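I opened my notebook to look up a few features, one entry at a time. Here is what I wrote down.

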Amino acid sequence: MDYILGEQGITSLKILGLLGLWIVLITVSISSVFVVENYFGFSDILNQDKIGQVFLIQIPMLIGMLLMFWVGFEWGFIPVFVSTFVLAFTASMTWYWSLLYSFSFTLGLSIFALSYYCVSFDLSLRDLKSFTFYIVVSLFAALACSLGAFVWSRFYNLPLFETLIIWKSWWVSLFLQSVIIGAPILYLFTPAVYRFRQKIFNVPEKTDVSLTWIYSTITTIVLVLAMFIISAKLLGSQSIENEIANSGIPISSDVYSSVISVNESFEIVTWISLLLVFFTGMGSIYLVGSWNKNLESEVDAQTQEIRKNEIKLNAALNQRDELLNEIHSRVRTNLTMVLAVLELQLKSDTYKTNEQILKDSHSLIRSLTIVHESMSQTKSASQVDLKNYAIKLSNRIDQSLRKDKKDIQFTVNAQEGIMLEMDRAIPFSLITNELVMNACNHGFKSGEKGSVVIEITGDKEDITLKVTNNGTGLPSDFEKKASSGIGMRIIRAFSKQLNAELDYFSTNITTFILKIPIEINK
C-alpha cells in the first residue's frame with residue numbers, strides 16, 4: 001500500500017480502481033457476517049441446541065488471507081478486523097470485548113504474514129515443500145484465531161464443556177477452510193494475479209528480512225502462547241466457581257480449602273508458564289540479536305579485509321602501471337642506444353662487410369636481451385644479477401663461435417649476489433659484451449684453442465669486472481687503433497657513463513679491468 005501510493009498517488013486511475021475493488025471486498029466480507037449469523041444463528045450461541053453449528057465458514061478470514069498474500073498485509077487486515085468487530089458487536093458484545101475478539105483473528109492473519117515474510121516459499125503451492133509449509137502455518141494461524149472462542153466464552157460465561165466444543169470447532173473450521181478452499185484458490189489464481197500485479201504496478205522484489213520482522217514474529221508467538229495460558233487459567237477458575245455455585249451441595253471448609261489450594265496452585269503454574277514463555281521470548285530475541293551482532297562483526301571484518309585487499313590491489317595496479325611505464329621508457333632508451341651504436345658502426349666501420357656489421361649488431365642486441373632475461377629471473381623490476389648475466393653471455397657467445405670453428409673455453413668467476421640497477425646494467429652489459437667479443441675476434445684465429453675468463457667481484461665501494469684471455473695479445477699500436485676502432489670507443493663511452501675506471505695490459509695474458517663505483521657521483 002505504501003509503495004503504490006508513494007509511486008502513483010491517490011489520484012491515479014489504477015489506485016482508484018484497486019481501492020474500489022477493495023471496498024467491494026470489504027462490503028462482501030461484512031455482509032457475509034450477517035448472512036452467516038442469520039443462517040446459523042451465531043448470535044444465539046448460548047442456545048444449547050446450536051452449539052454444534054459453530055463449525056462455520058469464516059468468509060472474512062478467507063478474503064483477508066487472499067488479500068494479504070496477493071497485495072499485502074494492510075489490505076487483508078482491515079476486512080478481517082472490521083468484519084469480526086461487526087460480528088461481535090451485533091452479537092451484543094461491548095465495544096472493548098469486540099475489539100479483543102477482532103484482535104484474535106488479526107493475530108492469526110499476522111501468523112501468515114510473518115511466516116511468509118521471514119521464510120521464502122512459493123505462494124502458488126506448486127511443490128510439496130511449499131504446500132507442507134502452508135499446511136503448518138495454516139494450523140498455527142487457526143489456533144491463534146481460535147483465541148476468539150475463549151473471548152466469546154468468557155464474555156457469555158459459557159461452561160467449560162461448551163467452551164471446548166466452540167474452541168475445537170473454531171480452529172478446525174478455520175484450518176480446513178485454509179486447506180480445502182484457500183489452497184486451491186492460491187494454486188489456481190496466484191500466478192495470474194502476480195503477473196497482473198507486476199504488469200500494472202511493477203511491484204519490486206521482496207526486501208531482505210530485517211530484525212524488526214524477526215522480533216515481531218517472536219513477539220507474536222509469545223503473545224499467542226501467553227493468551228492461551230491466560231485463557232486456560234480464566235476458564236479453569238470460572239469453571240470451578242460455576243460448579244461450586246451451581247452444585248447446590250453444601251461444601252465443607254476442608255473441601256473448600258482444597259479447592260482454593262488447587263486454584264492457587266493452578267494460578268502459580270499459570271504465572272510460572274507465563275514467565276517461562278516471556279523469558280523464552282526474551283532469550284530468543286537476545287540470541288537473534290547476538291547472532292546478528294556476530295554476523296555484522298564478521299561482515300565488517302570481511303568488508304575491512306576486502307577494502308584492504310582492494311587497497312593492495314590498487315597499489316599493485318599502480319605499481320604495475322609505473323612498471324609498464326618504466327619498461328616502455330627503458331625499451332625506448334635501449335632502442336635509442338642501439339640505434340646510436342648502429343649509426344656509429346655504419347659511419348666508422350667502413351672497412352667491414354655488411355655481414356660483419358650485422359654480426360656486431362646481433363651481438364649488441366643479444367647482450368641487451370640477456371640483461372632483460374637475467375632481470376626477469378631475479379624477479380626484480382629494477383636490478384640485474386651480474387653473475388647470471390655473465391654466465392648467459394658466455395654461453396651464447398660460445399654457441400655463436402662454434403660456427404667460426406673457434407675452440408674457446410669460457411670461465412666465469414663471479415661473486416654471488418652482486419646486483420646493478422637496470423640503468424647501469426645496460427652499459428655494463430655492452431662493455432662486457434665488447435670486451436669478450438674483441439678477445440674472441442682479435443685474440444684468436446680460426447681453429448685456435450684458447451680461454452676467456454670473466455671475473456666479477458665487489459666490495460663496499462666498487463664492482464670490478466676483469467676479462468682476460470690467453471690469445472695473441474694487444475698489438476704495439478693498440479692505442480692508435482683503439483682511438484679509431486668502434487669497439488674501444490663504445491667501451492670508453494659507456495665507461496664514462498658509469499663513471500668507471502678502465503685499465504688494460506697485455507703480457508702472456510691480455511687483461512681488461514673495469515672498476516665501477518657503487519655510489520654514483522652527482
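**Entry on a loop residue.** I began with the cut-off: a residue counts as buried when its relative accessible area is under 20%. I kept in mind that this is a predicted model. Is Leu125 buried or exposed? Leu125 has a relative accessible area of 7%, so I noted it as buried. I found Leu125 in the loop between helix 5 and helix 6. I then checked the backbone: phi of Leu125 is near 55 degrees, which is a positive value in a residue that is not glycine. I added a reminder for myself that most residues other than glycine have a negative phi.

**Entry on another positive phi.** Asn499 also went on my page, with a positive phi of about 55 degrees although Asn499 is not a glycine. Where does Asn499 sit? I located Asn499 in the loop between helix 15 (486-497) and strand 6 (501-506). Asn499 has 39% relative accessibility, so I put it down as partly exposed.

**Entry on cavities.** Rolling a probe the size of a water molecule over the atoms shows where empty space is left. How many cavities of 30 Å³ or more are there? I counted 3 of them. I picked the second largest cavity for a closer look, and its volume is about 60 Å³. Its lining is made of Met61, Leu62, Met65, Phe112, Ser138, Ala141, Ala142, Cys145, Leu174, Gln177 and Ser178. Helix 3 (59-70), helix 6 (128-145) and helix 8 (160-201) are the elements that each give two or more residues to this lining. Helix 6 has the largest share, with 4 residues. Sorted by class, I get 8 nonpolar and 3 polar residues in the lining of the second largest cavity, and no charged ones.

**Entry on two of those helices.** I looked up one more residue in helix 3, Ile63. Ile63 has 12% relative accessibility, so it counts as buried. Ile63 and Pro79 are 16 residues apart in sequence, and I read 7.6 Å between their C-alpha atoms. In helix 6 I chose Phe133. Phe133 is buried too, because its relative accessibility is 18% and the limit is under 20%. Between the C-alpha atoms of Phe133 and Asp122 I noted 9.7 Å, with the two residues 11 apart along the chain.

**Entry on a surface patch.** Which residues form the nonpolar patch on the surface? I listed Phe89, Trp95, Tyr96 and Leu99, with about 450 Å² of accessible area together. Helix 5 (residues 95-118) gives the most to this patch, with 3 residues. Phe89 belongs to helix 4 (residues 73-90). With 44% relative accessibility, Phe89 counts as partly exposed.

**Entry on the salt bridge.** Side chains of opposite charge can pair when their charged atoms come close. I found 1 salt bridge in the structure. It joins Glu416 and Lys387, whose closest N and O atoms are 2.5 Å apart. Glu416 lies in the loop between strand 2 (407-414) and strand 3 (419-421), while Lys387 lies in helix 12 (residues 386-401), so the pair ties together parts that are 29 residues apart in sequence. Last, I checked whether the acidic partner is buried or exposed: Glu416 has 61% relative accessibility, so I marked Glu416 as exposed.

Definitions and conventions
Residues numbered from 1 in each chain as written. Predicted model: local features only at pLDDT ≥ 70, side-chain atom pairs only at ≥ 80, totals over all residues. Heavy atoms only, no water. 1 Å grid on protein atoms, 1.4 Å probe; cavity = no way out; pocket = protein on both sides within 12 Å on 5 of 7 lines; lining within 4 Å. Points joined across faces, edges and corners; volume = space filled by probe spheres on them. Nonpolar A, V, L, I, M, F, W, Y, C, P; charged D, E, K, R; others polar. Patch = residues over 30% accessible without salt bridge, like charges linked within 9 Å, V, L, I, M, F, W, Y side chains within 5 Å. Areas by Shrake-Rupley, 256 points an atom, 1.4 Å probe, with all protein chains shown as cover. Salt bridge = Lys/Arg side-chain N within 4 Å of Asp/Glu carboxyl O. Buried < 20%, exposed > 50% of the residue type's maximum accessible area, 1.4 Å probe, protein only.
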